[in-house]
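Visitor: Please put the model up and walk me through it. I'll ask as we go.

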Amino acid sequence: MAQKILLIEDDRQTATYIVKGLGEEGMTVDHADNGRDGLFHATDGGYDAIILDRMLPGMDGMAVLGALRAGGIHTPVLMLSALGAVDDRVAGLTAGSDDYLTKPFAFAELLARLKLMLRRGGSGTQAVTKLACGDLDMDLLSRKVKRGARAIDLQPREFRLLEYLLRHKEQVVTRTMLLEGVWDYHFDPGTNVIDVHVSRLRRKIDDGEEVPLIHTVRGAGYRLGLEG
Amino acid sequence: MRIPAFLRSSTTRFFALVFVLQLISSTALLLYVRHIIADELERTSRTLVTELHDDLVADYKQEGLPGLRTLISERLTGIRARDAAVLLDDPNGNQLAGNIADWPPPIPFDSGWQVATLYRMGRDKPEPMGLIASKLPDGTHLLVGHVIEGDLRVRRLTGEAMAAALLLAVPLALLGAIVATRVITGRVERIAETARRVGMGDLSLRVPHEAGMRDAFSDLAASINLMLGRIEALVGELRVVTDSLAHDLRSPLTRLSATIERAMRETDDEAALGALERVGFEAETLLGMLSTALQISRAEAGIGRDRFVDTDLGQMIEDLAEVYGPLAEERGFTLSAEGGGRAVVHRELVGQALANLVDNAMKYGRPDGTIRLSVHRADDLVTLAVDDDGPGIAEDRRAEALRRFGRLDPARSAGGAGLGLALAAAVARLHGGAITLGDNAPGLSVRLELPVAGD
């Protein structure tokens, strides 16, 4: 079944662009162009996720979010904001949004974060002690990583990086998502800082193996999975 | 010979000027008073002499020579004649009457008021006196005088009093100079303090002054305030232009990115993909620049002070060293983090600022060099430093380096837009601190000095 997304966004261009892009990904998108309609739709239909612009006519995005959460609706919300500063990110996250993206954003970034949210919403938050992908195994308790029979020795941060990739396997993760997820920093690392980390990890995981697990997704980021 | 600095200072000069002027005016006043007194004394003596002389001449006209001789004797024996001096000579120079023995040679037979020192008969020492001489119709000579020794004593006394008054005038002038200098320095200091704080970034500050007063200081304050207003308006306008430019550029850039992404999904042509990826990278760089420019504007405007959180800065630089470590290693740098300390800061912005500085150090540092991150917490100041051992920045170009889009060497276009240092500076100012570029001998030492409230 196609996933249902509600987009609350007043800027027609951005809305068209998102609706079209998500449609191409096989999702169903409903679009509301103001906060009031958006809130009405959100409380009414069973959406899998909501993309909510922060600055809206009628009712501000933060107010919509507040009303939703107060009404006991826990549909994951991805906030969009044109304000473009980390402060808004923090404000959005404290107000109860699940993720935050500042405009302008790359569509790949939006898609990756949206998919991550959808997956998280589905799987719940049960505690796991083992993660795996193909013949790659990670034991979170003993902190050991093995590829087939080969034990892989990882630095603590490499371990966390791989853990993040494994928790989001078969999904595209962007560089900023990695910086946020692994190091808990929300800033633009500038040069290819994250690339170097990934390529080091990739050497340890994939070198000499027939099936590579860490893939570069052009124009987006990385994906850990069996398919190339 | 070099004049010592404190003597060349305008405060010292002003002080000296007030002091000297006060002394000159006191001296002038005292001299004038002395002159008036002397004048008055002389006028009194002169009147006395003239009156006596006129009396004698009038008597002579009425009663002739014998009457005059009698009158002179009378006058010289009276109580009022204590200071009188008279001499009546016949044409041959023989004394006919009076208490002076001989006609003094320097006095002409017919002269106006003059002063001479003469012996009176019966006195053992000469006395200074004012004199008038005249020739009577029968050829006799009359000399009338008045001893002015008392006058001279009064003069001497006023002289002494003046010296004493002058001695008193010196400390008074000194006090006056101190007070005047204090007042002036205080008012100038108030203006300077305002200017200093405006220079630190508080553009809304104005010099306090009373609008109604029409004195030089109020005029100066008003002019400076006018200038500050203009600066604030210009900076504001510039900010609006930069901000709206950044905002306006984001929509087309977003569309550009979207188009590139879509094109990448629709083609399998390796060459096209490569080209699109490069274009995409450039678009991303542009977006990054815009975001940074906006971040700077917001920080400069003081937005984000409500997001300050207690942060372990030692942990932060260790994290940064770790994030950048592999990249640094790949480029041949040694990256280290030293020191620790907690402070209430804007965690994200400080992180971004430090990341930019590390990025810069890797761009402009010496290959195979060392980059040192450090935190030092003093009582109320946290110093975050990023030091490299590259070529550094010449002292006269450091201000330029801190400007937005102020990249020093256009040839070194190693990515970035020269916003790194500008952002770091803006972040420092957001925290009420400052950024300094120093010499790491060799290399550049960038220090963010953030004041923190004492625990």
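Visitor: Where is A:Asp37?
Guide: A:Asp37 sits in helix H2 of chain A, residues 35–44. Helices (H or I, at least four residues) and strands (E, at least two) are DSSP runs, numbered from the N terminus.

Visitor: What are the ground rules here?
Guide: This is a predicted model: local features need pLDDT of at least 70, side-chain atom pairs count only at pLDDT 80 or more, and totals for chains, interfaces and linings use all residues; side-chain values use heavy atoms, with hydrogens and water left out. Residues are numbered from 1 along each chain as its sequence is written, while chains are lettered from A and ligands numbered from 1 in the order in which they are written.

Visitor: Back to A:Asp37. Buried or exposed?
Guide: Partly exposed: A:Asp37 has a relative accessible area of 38%. Buried means under 20%, exposed over 50%, partly exposed in between (1.4 Å probe, protein chains only).

Visitor: Which residues gather with A:Asp37 in a patch?
Guide: A:Asp10, A:Asp11 and A:Asp33 join A:Asp37 in a patch of negative charge on the surface. Patch members have over 30% relative accessible area and no salt bridge; like charges are joined within 9 Å, nonpolar side chains (Val, Leu, Ile, Met, Phe, Trp, Tyr) within 5 Å. A salt bridge is a Lys or Arg side-chain nitrogen within 4 Å of an Asp or Glu carboxyl oxygen. Lys and Arg are positive, Asp and Glu negative; His and the chain ends are not counted. The charge is placed at NZ of Lys, CZ of Arg, CG of Asp or CD of Glu.

Visitor: Which residues form the nonpolar patch on the surface?
Guide: B:Leu168, B:Leu172, B:Leu175, B:Val179 and B:Val183, with about 480 Å² of accessible area together. Areas use Shrake-Rupley with a 1.4 Å probe; for residues, only the protein chains shown count as cover. B:Leu168 lies in helix H3 of chain B and is exposed at 55%.

Visitor: New topic. How many aromatic pairs does the structure hold?
Guide: There are 2 over all chains. One is A:Tyr17 with A:Phe107, tilted, 5.9 Å centre to centre and 55° between the planes. Rings of Phe, Tyr and Trp (its six-membered ring) pair with centres within 6.5 Å; planes under 30 degrees apart are stacked, over 60 edge-to-face, the rest tilted.

Visitor: What does the pair of A:Tyr17 and A:Phe107 tie together?
Guide: A:Tyr17 is in helix H1 (residues 12–24) of chain A and A:Phe107 in helix H5 (residues 107–123), so the pair links parts 90 residues apart in sequence. Both A:Tyr17 and A:Phe107 are buried.

Visitor: Why is the pair of B:Trp103 and B:Phe109 tilted?
Guide: Their planes are at 50°, so the pair counts as tilted; the centres are 5.1 Å apart. B:Trp103 is buried at 12%, whereas B:Phe109 is partly exposed at 39%.

Visitor: Now backbone. Is the peptide bond from B:Ala441 to B:Pro442 cis or trans?
Guide: Cis, with omega near -5°. B:Pro442 is in the loop between strand S11 (434–439) and strand S12 (444–451) of chain B. B:Ala441 has a positive phi of about 40°, though not a glycine, and is exposed at 64%.

Visitor: And what is phi of A:Glu170?
Guide: Near 65°, positive in a non-glycine residue. A:Glu170 is in the loop between helix H6 (156–167) and strand S10 (172–174) of chain A, and is partly exposed at 36%.

Visitor: Last one: which residue follows H7(A)?
Guide: A:Asp184, with a positive phi near 60°. In that helix, residues 175–183, the buried residues include A:Met177, A:Leu178 and A:Trp183.
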